Amino acid sequence: MPRNRVAAIDVGTNSIHMIIVEQQRHGFRVIDKEKEMVQLGRDSLEGRPLTDAAIQRGVEALRTMASVAARWQVNELVAVATSAIREAPNGEQFIDAAERAAGIRIRVISGEEEADYIYRAVRSSVDFHGGTAVVIDIGGGSVELIVGTSAEVFVTVSEPLGSLRVSQRFGLEGAVTPRAIEECRKYVRRRLKKPLAHIATLGFDFSVGTSGTIMTLAEIASSHRDAVASGLSWLPRKRLRDLIDHLTPLPAAERARRFNIDEKRASTILGGAIVLDEILRGLDIEQVRACDAALREGIIEYVLDRDRAPAKGGSVRRSSVLALAERSDIEQAHAAHVAHLALRIFDQTAELHRLNTGARELLEYAALLHEVGMHVSYQSHHRHSYYLISHAGLRGFTGDQVAVVANIARYYRKSTPTDEDENFARLAPAQKDVVRRLTAILRIADALDRGRRRAVRDVHVEANGESIRFRVRLRDNAEVELDAATRRARYFGKVFKRDVDFASSAA
C-alpha cells in the first residue's frame, strides 16, 4: 500500500503547474512535477472572456496531469484557479470542460487565499530567523504581496499587475520604446502607491520573491546557475534594471535565444521585470531572495497540516518548562510574546553580547517562566519565580543552567543583578556575565508587552557606533510600553556601554 500521496494543481494565468508529493514522517518528498505554459489569459483578462483556444489548451494540459496523477495513485488531488478564471465571464465554462475531460474539479480562490498559500510555501522553505519578511509573487494575472513572520501574517495585498496582464496592456511582448516602458512604470507605480506605503510603515527585515517570473529573472541575472538550481538565489535590483534595459529593444524570439528561456516566457518577462523593479524601488529593497516554492507547495502544506495530528513532545527541556508554566497558570500568550521579542533582540545584538546558542535557549526559557511566581504574590512575584524555577526539578538541565534561568527571571523587573543578593553572589563569574546580559534583554522585552496586548508586534535593532536604537513595529498605540522600555533599557545601556533610544512605526 503506497504512502499518502497528494497532488496539487495551480491553474494560473500564465502557466498550469502540478506537484505530486509523498508524505513522510516529517514533511514530504516531491516525486513528480508537471508544467504547461498554457497562457489562459492570452488575449483575455480585463473582463474579457477566455478564448476557445485558451480553454482547449488548458483542458488538454489538465487531462495530461490527471493521467500522471492517476499513475502515481494519489490519495487526494487539489486544483485551484487564480485571476484568469476568477475574472473571466466564461470561467465556469472552463471549469466544467476540465471536469468533463479530466475529472478534475477546480476551485477558484480569492487573491487573499492565493497569498495565504504562497506564504505557507515560503515559510516552509526559508528560515525567517525570527524576522519579518515581505513576500513578492508575480503571477501572470496578479501580484501578491504578503508581510509576516514565520508564525503570523500581518497584511496581504493582491493587485492585477501580473506579467502577462501588463505585457498585453502596454505592448511589451516584443521590442518596445522607452516611452512605453515609462508609461507602464507610471501605471504600476500608481496602483502600488498605497499598498507599498503601508508595507513600508509596517517594516520588514528581508524580502523573498516567488513565481516563474522572478526565478527566471534570477537565473538570467546569476552567473552561478547552481545557486538557482538549489532553489534559492539573490536578484540584485541593479542587475534587474540592467536586464530591463537589455530586454527592451529585443523581440520575444531574440530574448528567448539570447537568454535561453521559453519564448512564451520571453514575451512576458519584461512586464514582470518592470513590476518587480517598481516594488523594489517603492520599498527601498536592494536585492530580493528568489525562492522556487510557490502556490502549489502552499496547497500541499495546507493539506498535510490539515491531516497531521497535533505535534507532541518536543525536547525534554522544553516539555519540562512548559509543564511548569502550565502548573503555575501564567498568562501564556504574554510569556510567549515576551520570549519572541527577547529572541529577536538577542539575534540582532549578537555582535554586542557575543553569547552562544545555548545562552539563547536559556533566555527563551527564562522568558517563558518569568511570571511563574505570580500566583504566589504579585508584589514580589519575581522573587517567587526564582524560587519556583530553582526547585521545580526541571528535567534536561544542569544545576548551573537552572541557576542562570532562575536568576534571569529574578531580575527581569525592579532591582538588577547584584552581589549583595545571595542567589547572584553564588554564581561563577562567567555565569554572572551571562545573567547580566540576558537580563538586560529580557527587561526590555517584557516592558514592550507591559499592556499584555501585543501592541508591539516586533522589534528591529539598529547599532550605530556607540548607540543602539530599538525600532519597534506596532499594531496598536504603545505609549505605555515605550515608556516602560525606555526606563528598563537603562540597564541594557549600562551592561553594554551604549546609548539606547527607541523609535516606532505604526501598523
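Is E22 buried or exposed? E22 is buried, because its relative accessibility is 7% and the cut-off for buried is under 20%. This is a predicted model.

**The E22 salt bridge**

E22 pairs with R29 through their side chains. The N to O distance of this salt bridge is 3.0 Å. R29 has a relative accessible area of 39%, so R29 counts as partly exposed. The bridge thus links a buried acid to a partly exposed arginine.

**Three bridges side by side**

In total, the structure contains 43 salt bridges. Three of them, including the E22 pair, are set out here.

| Salt bridge | N to O distance |
|---|---|
| E22 and R29 | 3.0 Å |
| D96 and R105 | 3.5 Å |
| E462 and R471 | 3.0 Å |

**Exposure of the other partners**

D96 has 31% relative accessibility, so D96 is partly exposed. Its partner R105 has a relative accessible area of 45%. That value falls between the 20% and 50% cut-offs, so it means partly exposed.

What is the relative accessible area of E462? The value is 29%, which means that E462 is partly exposed. R471, across the bridge from E462, is partly exposed at 28% relative accessibility.

**A network**

Salt bridges can also share partners, as they do in one network here. Its members are R185, R189, R237, R241, D277, E278 and R281.

Notes. Residues numbered from 1 in each chain as written. Predicted model: local features only at pLDDT ≥ 70, side-chain atom pairs only at ≥ 80, totals over all residues. Heavy atoms only, no water. Salt bridge = Lys/Arg side-chain N within 4 Å of Asp/Glu carboxyl O. Buried < 20%, exposed > 50% of the residue type's maximum accessible area, 1.4 Å probe, protein only.
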